[in-house]
Amino acid sequence: MDTSAESRVPDALRERSIGRPTPLIDGIEKVTGRARYTADLPSDGALVGMILRSPVAHAVIVAIDTSRACAIAGVRAVVTGQDFAAPYGVIPIAQNEWPLARDRVRYRGEPVAAVAAVDRETALAALAAIELRLEPLPAYFKAADARAADAVLLHEKKKGNVERDVDHAFGDVDQGFAAADLVREQSFHYAEVAHGQIERNGALATYEPERDRLTMQSTTQVPYYLHLTLAQCLGMDSAHVRVVKPFVGGGFGHRVEPLNFEMVTGALARAAGGVVRMEQSREDSFLTHRGRPETDIRLKLGMKRNGEITAVDCEIVQRGGAYAGYGLVTILYAGALLHALYKVDAVRYRGYRIYTNTPPCGAMRGHGAVDARHAFEAMLDSMAEELGLDPIALRRANLIVPPYRTQNDLQVNSYGVPECLAWVERASRWRERKGTLPRGRGLGIACSHYVSGSAKPVHWSGEPHAVVNLRLDFDGAITLLTGAADIGQGSSTLLAQVAAEVLMLPLARMRVIAADSALTPKDNGSYSSRVSFMVGNAAMRAAEALLDVLVNAAAKKLDVSPADIEWLGERCVVRGTDRGLAFASVVTAALVDNGPVTVKGTWSAPPETQGGRLRGAAVGSTAGFSYAAQVVEVSVDQDTGAVKVEHVWVAHDCGFAINPLAATGQVHGAISMGMGQAMQEETQYHQGLPLSPNFLDYRLPTAVESPPIDVHLVETIDPLGPFGAKEASEGALHGFPPALTNAIADAVGIRLTELPATPDRVLDAIVAKRRKDRLDATRAES
């Protein structure tokens, strides 16, 4: 039977499992409260785990005396950094963080010891009884201070406290600037921001001393990486570790690497020989952090009179915090994704990721490229104004025609920017309204893009990038087994839809078991928008394999060739006859001799999509880029500096919308997170102490601030994506901050170079512009 992509596409009479709005398969559990998150898991008799944190930002650990804590009745375990076998870090070549600090503390709030006790009160008493002797060291809370010539190194062999420096050049940059009609340079500053996931961190660890086995249930996006890290840090055989992901209440990148509390909970369970539950506070989440780093950008662009970009020169400095984490990837992403949105032939990039005595930064939705995209899109608008060009026309002067290979060896196979621009232009009535709105009201435009999963995994083992198993048994249900973590984005639903579509079966026949290392195949995790593209392809291949099994079983039962079978989903027939079988009969036939059927589907990014040979080239490489354009309309109170977003129009090229309902929701979420970073979110420290580690002081957008958001999904049908699909969750985030500040510029004539655009910053810029205008007028009169 022909099971190629063309033959699988059903005719218009059949109701498809893909391409139509589909409620999430776990939605009922969530809205009824039946969904069990980590804090809801039953654990009768579990001990309470708690962590002691450093009161200073930088110091040598002279001694940790736990004797008084161990003597308290009801204390079952006390652990320190000496109880771990190895440090950890999500990047194998940058593992320099211990679950509990050893020898030195490097940020205020770093875990230094932990206890497990029969109740919270006893655990608190035990923490208070631990004697911590520290010898203070100079602390650096800004990247510039940490880079000073006389600064103490946070980590050995990291000269200048530089975790990673990048120096890339593509094309003839100097010639590009020489050929430009307009060259401009601008500096930008971006505040550090946090993820703001609703669910607080927590873990439940069960240790069986008789078998030396550890089971971990945790709020993670990366069960596989957590599994590896638990075994490494605890010095255990990986076969003795099991990781189960319960329901997860959001992550946005906070949980894309193993986190200290998970290894600490496992160590406490082993030391106590039982079950330990750790539930962290909101402040603990802010201290664990892994947010988007404070960033300084210097950007220089060259441009022809028609808007064509001739050269780019960019320098980025990121305050990375105390440990490596995803840092070397983040600073590479920032430069790599200067490419692949527009046709740019000459790019120079210098990036510096700096160690500081602040909580570690990491990956956050839109990882690495959000700040650089703001700087780029903001300068495009300011230069368009100088050249007398419409901002949309300028962007159209730099469009890519796929297939296209960028200067830094990234492959673009599908490209929906032209369609995205056309839609937002029409929907916002850009041509009629741009430049005609009353003072204080403005429109802004920006484009953006992002990867559909990294083409090379963090842990390069040679294994497939994604694996899915399908199991068929006597009941006729099809169980999809995946290690991919559904953290609210709807990936389990999407995978079920893909398999159901290939098999031409109703979604009701599908069940999904996800992210249990004892049952499901390994998956690298939910990060960089990889699941839809990579795991979706694996699910498609697994379904194709199962379809072959079913067709062959039907052919054998009906005594015909498999090529004579016409598969119709709930039944099949012999072509040109009325002979056939119901699905239940095909299942019975398939189980003859061998019993339950299990098939496997795998997928890996093609080599040509995995980047070039230069150092760091794998970062930014992907099998498919998503694209977006958006127009933002704002009103600005010129007396207070308050900005209100009146409307957002966003078109997102997701390749093909397997589930338009979920994809639209993801775009809404991306816009909301972009609003937060652009308008109000900002982590601030005093001597390393977070000033707003809660949701009262750290302001996130709420329903009150949310504007009307019109979403249009553009379908370019990527040749490598499952049914042509690409990512739909992150790309639109990058475009909101520059579209907002471009709209503010249109409304009141100020160009903000620092985010967030809080009322005080906006008002300061308005006042400064008024003073300049008055001074210019005075000079003109004289």
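In the predicted model, E425 lies in helix 13, which covers residues 417–427. The relative accessibility of E425 is 10%. Burial requires a value under 20%, so E425 counts as buried. Beyond its neighbours within four places in sequence, E425 is in contact with I392, R396, W430 and R431.

Helix 8 comprises residues 260–272. A rise of 1.5 Å a residue gives an expected span of 18 Å for its 13 residues, and the end C-alpha atoms are 18 Å apart, so the two values agree. Helix 8 is mostly covered, with ten of its 13 residues buried. The buried set runs through N260, F261, E262, M263, V264, T265, G266, A267, L268 and A269. Just after helix 8 comes G273, where phi is positive at about 70°.

An open sheet is built from six strands. Their order is 7-15-14-13-8-31, and the pairing is mixed. Strand 7 (162–170) and strand 31 form the edges, each pairing on one side only. Helix 11, residues 370–387, packs on this sheet. The helix touches strand 8, strand 13, strand 14 (309–321) and strand 31. The direction of helix 11 makes about 140° with that of strand 8.

Within the sheet, strand 8 (residues 182–190) pairs with strand 13 (residues 294–303). The sense is antiparallel, and the pairing extends over nine bridges. S187 stands opposite R298 of strand 13. F188 faces I297 in strand 13 as its opposite residue. Strand 8 also pairs with strand 31, residues 754–755. Here the strands run parallel and are joined by two bridges. H189 stands opposite E754 in strand 31. In general, strands of a sheet pair through backbone hydrogen bonds, in either the parallel or the antiparallel sense.

The chain beyond strand 31 includes a cis peptide bond, from L755 to P756, with omega near 10°. P756 sits in the loop between strand 31 and helix 20. Helix 20 spans residues 759–781 and contains D764. At 53% relative accessibility, D764 counts as exposed, because the cut-off for exposure is over 50%. D764 and T640 are 124 residues apart along the chain, yet their C-alpha atoms are separated by 9.6 Å.

Another cis peptide bond links P402 to P403, with omega near -5°. P403 belongs to the loop between helix 12 (391–396) and strand 16 (404–405).

Positive phi values also occur in residues other than glycine. R290 has phi near 70°. This residue is placed in the loop between helix 9 (282–288) and strand 13. With 1% relative accessibility, R290 counts as buried. Q687 likewise is not a glycine, and its phi is positive at about 50°. The loop that holds Q687 runs between strand 28 (685–686) and strand 29 (689–690). The relative accessibility of Q687 is 48%, so this residue counts as partly exposed.

Terms used: Residues numbered from 1 in each chain as written. Predicted model: local features only at pLDDT ≥ 70, side-chain atom pairs only at ≥ 80, totals over all residues. Heavy atoms only, no water. Helix = DSSP H or I, 4+ residues; strand = E, 2+ residues; numbered from the N terminus. Buried < 20%, exposed > 50% of the residue type's maximum accessible area, 1.4 Å probe, protein only. Contact = heavy atoms within 4.5 Å. Expected span 1.5 Å × (residues − 1). Pairing = 2+ DSSP bridges. Axes fitted to C-alpha atoms, helices over the stretch in contact; angles between N-to-C directions.
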